[in-house]
Amino acid sequence: MPIKLENVAIAVRDLDATIAFFTDLGLTVLGRDTVSGEWTDTAVGLDGNHAKIAMLQTPDGHGRLELFEYIHPDAIETEPTLPNEIGMHRVAFSVDDLDEALEIAARHGCHPLRGVATYEDIYRLTYVRGPSGIIVMLAQELKPAG
C-alpha cells in the first residue's frame, strides 16, 4: 500500500498570529475555513467540534501544516512541550539563511531555546519556541549536496 504524508496538524491559541509567523518564514496559505458539523465530530472524535483552520505549504510544495484554533470545545492549555517529552515534538524546516530566519522569528517574540549549534560542520541549527509554544527547528545546511 503506498502512503504519503499529507500534513502535520497543530492546535494553536491564535490562528492569525501563528499564520503570520509561518508565512514570514516563507510558507504560503493554501486556504482557510471554519469547520463544524457531524463529519468533523466523527473525524476528530469530539462532540460539537468547531474550529477555524488554515492549510499552509512550504515553498517546495512538499510540506504542509494544518493549523487549527478551537472555537468549541474550549482549547485546553498545557505547559509547553519540552524537547525530551514523549509525543508530538516539533516541526522542522530547512532554511537558506539561519540568521535571517532567526531575525524573522525574533520579530514574533520567538527565540532559540538555548542558542545555535553546529552539527558536524553539516548544519547550523536551533530550536525556537514559536506561537502557542510550538517547538520549531530551523536548520541551515553548511555544505550543500552536489
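How many helices and strands does the protein have? A few notes, point by point.

1. The count comes to three helices and eight strands, with helices taken as DSSP runs of H or I of at least four residues, strands as E runs of at least two, both numbered from the N terminus. From that end the order reads β-α-β-α-β-β-β-α-β-β-β.

2. Before going on: this is a predicted model, where local features need pLDDT of at least 70 and side-chain atom pairs count only at pLDDT 80 or more, while totals for chains, interfaces and linings use all residues. Residues are numbered from 1 along each chain as its sequence is written, and side-chain values use heavy atoms, with hydrogens and water left out.

3. On overall dimensions, the C-alpha trace spans about 50 × 35 × 30 Å along its principal axes. Of the 146 residues, 30% are buried, meaning under 20% relative accessible area with a 1.4 Å probe, protein chains only. Among contacts (heavy atoms within 4.5 Å) with a separation of 6 or more, 53% are between residues 24 or more positions apart.

4. One open sheet has four strands in the order β1-β4-β3-β2, with mixed pairing; two strands pair if DSSP finds at least two bridges between them. Its edge strands are β1 (8–11) and β2 (28–36), each pairing on one side only. Neighbouring strands here are turned by 20 degrees against each other on average, direction ignored; the axes are lines fitted to C-alpha atoms, for helices over the stretch in contact, and angles run from 0 to 180 degrees between N-to-C directions.

5. Take a look at β1 and β4 (residues 64–72): they run parallel and are joined by four bridges. I10 has L67 of β4 as its bridge partner.

6. The other open sheet to check has four strands ordered β5-β8-β7-β6, again with mixed pairing. Both β5 and β6 (117–119) sit at its edges with a single partner strand, so one side of each lacks a neighbour in the sheet. The average turn between neighbouring strands is 30 degrees in this sheet, direction ignored.

7. Within that sheet, β5 and β8 (residues 135–141) are parallel, with four bridges, and A92 has M137 of β8 as its bridge partner. Side chains alternate along β5 (residues 91–94): V91 and F93 point to one face and are buried, whereas A92 and S94 point to the other and are not.

8. On the other pairing of β8, seven antiparallel bridges link β7 (residues 123–129) to β8, and R124 stands opposite Q140. Helix α3 (residues 98–107) lies across β7 and β8, at about 10 degrees to β7.

Definitions and conventions. Buried < 20%, exposed > 50% of the residue type's maximum accessible area, 1.4 Å probe, protein only.
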